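Please open the model in a viewer and follow the stops below in order. Each stop names a selection and then describes what is found there.

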Amino acid sequence: MIELREIKKIYRTGSQALEALRGISLKIDKGEFISIMGPSGSGKSTLMNIIGCLDTPTDGEYVLDSDRVAGLSFDQLAAVRNRKIGFVFQNFNLLPYATAWENIELPMLFDGKSSKKRKKRVIELLNAVGLYDWRDHRPSELSGGQQQRVALARALANDPPILLADEPTGNLDSRSGEEIIAILTELWKAGRTIVMVTHNDHIASYSQRVIRLFDGMVLP
Amino acid sequence: MNLTLPLFFWSEYRKRRKKAALITFALFWGTLSILLLLAFGQGMSTQFRVSFSGLGETLIMVYGGQTSLEFQGLPKGRLISLYPEDVSYLQARIPEILRTAPESYGGYQVSANGKEVNRTVHGTTAEFALMRTQVAQLGGRFLNADDVVQGRKVAFIGWSVAKDLFGSDNPVGKQIVINRVPFTVIGVLKKKLQDSMYNGPDADQIYLPFYAYRQIDNRRRINQIHIQPREAGQSKLIEARVRTLLGRKYRFDDADRYALSFWNTIEDSKEGLAIFKGIEIFLGIIGALTLLIGAVGVTNLMYAIAKERTKEIGIKLAIGARRRVIVQQLFLETMFIFAKGTFWGFIVAFNLVHLIRLIPVNYESFGIEAYLLRPVFSLRIFIAYMIILGGLVFLSGIFPALRASRTNPIESLRYE
């Protein structure tokens with residue numbers, strides 16, 4: 001489902017060049033639950049952003065669902081992010097002025113889904129993450145755990161086959177973290193492919209496979 | 001038509017409209033200031049023109065004089081007077097003349113209603129009204145051709161005379177006595193601005209039919225002849241022809257500058273027009289500079305708004321918003337804010353201008369209020385303003401929007 005071949009990412013600032021990824025190759029099959037681990041600056045988030053089509057590699061080839069990502073336009077990449085990939089961020093990245101309902105509805109709006117379909121799906125997702133009663137609250141009125149559950153519901157809005165979670169429990173207390181990981185595990189069991197970046201060995205232990213990065217490379 | 005996105009844009013705009021309030025107010029205030037500035041400027045310019053034409057438009061006045069050159073054995077220093085027949089004499093011989101009118105005048109005791117005043121009384125013809133901006137107030141009229149030919153004892157009076165003799169009563173149909181001869185008032189001069197005059201403003205004058213005037217003043221000579229050319233550009237030519245024709249008739253050198261004198265308002269108005277043009281250019285420059293300052297402010301605010309929304313744009317891009325959605329949203333918001341600000345600026349400016357115009361002007365005092373209290377709202381200026389500012393706002397809205405839509409979602413998400 002996800003195949004990376006010799007992926008490199010170099011950040012240039014003036015005459016300086018920083019090699020964040022140095023030729024990463026990996027394959028993630030459909031329905032897998034994998035964790036990416038590594039120290040700060042090892043390239044975990046960069047790799048996650050490339051897998052999530054939020055960023056493009058400097059070199060190498062990324063094949064997603066047998067499509068070469070390098071050949072896709074800006075809007076085609078947006079469509080991939082909208083339909084195929086759900087993204088959960090460490091700092092939630094919810095729209096601050098929008099309610100839980102509106103935040104969850106957003107990806108469906110960009111996909112052009114009808115009001116009726118959106119409404120049905122939002123109710124379904126709010127119930128699934130246990131926040132139906134909080135639907136009219138803004139992020140600032142929700143706890144960290146609740147915000148991450150809204151973010152998770154938003155990531156699932158268009159029912160994407162892949163879920164990417166960049167340190168989803170990093171900003172949460174242990175109980176909220178457990179709740180999130182429990183939801184992710186359920187989603188995996190339901191057939192979704194899950195790629196998660198984490199620092200936490202305990203959290204990583206829920207996944208089937210752990211990929212360890214160091215200095216922009218995959219440790220054997 | 002799929003209204004999903006427009007409705008979404010609208011709901012997002014409503015959530016953030018407090019943040020847009022400042023820019024909306026800036027647009028409102030800018031529109032109001034510029035429209036008022038230009039309305040007052042144009043009003044002032046118009047009032048100057050009106051005031052200038054209070055005496056009369058495209059008018060040449062010919063007066064008698066005294067020769068300063070010897071001519072055909074005749075000595076210099078001879079008095080040259082004008083006579084009623086000179087009017088038709090000139091009209092018949094100079095085809096460039098549109099209309100003419102004789103005018104005689106003198107100071108007389110005028111009484112009515114138990115009151116007595118001393119005023120200048122004029123004898124003239126119906127054409128005088130067209131040349132000297134003599135418009136009657138409602139319910140009255142100026143002298144007509146029959147009044148003149150039949151020597152009717154009727155009078156057209158200035159509004160100050162009416163006030164002095166009749167107070168707030170309507171003088172039309174009432175009698176006034178001039179030099180012991182009774183005259184019926186047929187009209188009162190409508191109030192007007194007048195910055196050029198002889199014998200005082202027209203408000204203080206009394207006009208009688210030419211032959212009726214002869215009953216109180218039996219001098220044969222007249223004080224002046226009014227000439228209106230067919231085209232303003234022919235005024236100098238007419239002056240020259242009058243000198244030649246009257247020089248031949250009264251035997252003076254047509255090069256003699258003092259045998260006749262002329263008051264050519266057409267030539268005077270050229271100077272006036274240059275002043276009006278200067279005022280308009282000056283106000284135009286001020287308007288343009290104000291517009292520029294306003295546009296810089298608006299651009300700055302638009303940029304700040306787009307910048308402030310970097311993270312939000314990053315989130316939207318990350319969850320699958322296409323580039324055009326980001327551009328459309330920022331652009332529509334900008335245009336909506338522009339429309340809202342300028343609409344209210346227009347409404348307030350339009351109503352203020354029309355309210356100010358309701359304030360009565362005191363025509364007797366010739367004060368500054370006569371020039372300031374008649375602003376003119378110009379739709380033409382408003383449209384030009386909308387096009388220029390709209391263009392600037394469009395550019396200031398579209399560029400940050402395009403820039404935001406092209407940003408790497410990761411960079412935007414990192415923005416705090």
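**Stop 1: a serine in chain A**

Select A:Ser115 in this predicted model. A:Ser115 counts as partly exposed because it has 13 C-beta neighbours inside 10 Å, whereas a buried residue would need 20 or more. The residue belongs to helix α4 of chain A, which covers residues 115-128. Now add A:Glu105 to the selection. The two residues are separated by 10 positions in sequence, and their C-alpha atoms lie 9.5 Å apart in space.

**Stop 2: chain A as a whole**

Widen the selection to chain A, which contains 7 helices and 10 strands. Of its 220 residues, 50% count as buried. Among the contacts in chain A with a separation of 6 or more, 72% are between residues 24 or more positions apart.

**Stop 3: confidence in chain B**

Turn next to chain B and colour it by pLDDT. The chain has a mean pLDDT of 86, with 98% of its residues at 70 or more. Which elements of chain B have the lowest and the highest mean pLDDT? The lowest value, 76, belongs to helix α11 of chain B (residues 369-372), and the highest, 95, to strand β5 of chain B (residues 154-157). For the model, the scores are ipTM 0.93 and pTM 0.69.

**Stop 4: the two sides of a helix**

Select helix α2 of chain B, residues 84-93, and show its side chains. B:Asp86, B:Val87 and B:Leu90 are buried. Why do these residues lie on the same side of α2(B)? They do so because they cover an arc of only 110 degrees around the axis. An α-helix has 3.6 residues a turn, so residues three or four places apart point the same way. Rotate the view to the other side of α2(B), where B:Glu85, B:Ser88 and B:Ala92 are exposed. To see what the buried residues of α2(B) pack against, display β3 (97-112), β9 (224-229) and α7 (235-250) of chain B.

**Stop 5: a pair of helices**

Finally, select helix α8 (residues 265-308) and helix α12 (residues 379-406) of chain B. Their axes are 9 Å apart and meet at an angle of about 20 degrees; the two helices are therefore roughly parallel to each other. The contact involves residues of α8(B) including B:Leu291, B:Val298 and B:Met302, and residues of α12(B) including B:Ile388, B:Leu392 and B:Gly397. Looking at the pair, one finds that α8(B) passes α12(B) in a right-handed crossing.

Technical notes
Residues are numbered from 1 along each chain as its sequence is written. Chains are lettered from A and ligands numbered from 1 in the order in which they are written. This is a predicted model: local features need pLDDT of at least 70, side-chain atom pairs count only at pLDDT 80 or more; totals for chains, interfaces and linings use all residues. A residue is buried if 20 or more other C-beta atoms lie within 10 Å of its own, exposed if 12 or fewer, and partly exposed in between; C-beta atoms are placed from the backbone. Helices (H or I, at least four residues) and strands (E, at least two) are DSSP runs, numbered from the N terminus. The arc is that of the directions from the helix axis to the C-beta atoms. Two residues are in contact if their C-beta atoms, placed from the backbone, lie within 7 Å. pLDDT is the predictor's confidence in each residue, from 0 to 100. Axes are lines fitted to C-alpha atoms, for helices over the stretch in contact, and angles run from 0 to 180 degrees between N-to-C directions. Angles under 35 degrees count as roughly parallel, over 145 as roughly antiparallel, 65 to 115 as roughly perpendicular and the rest as oblique. A crossing is left-handed if the near helix is turned anticlockwise from the far one by less than a right angle, and right-handed if clockwise.
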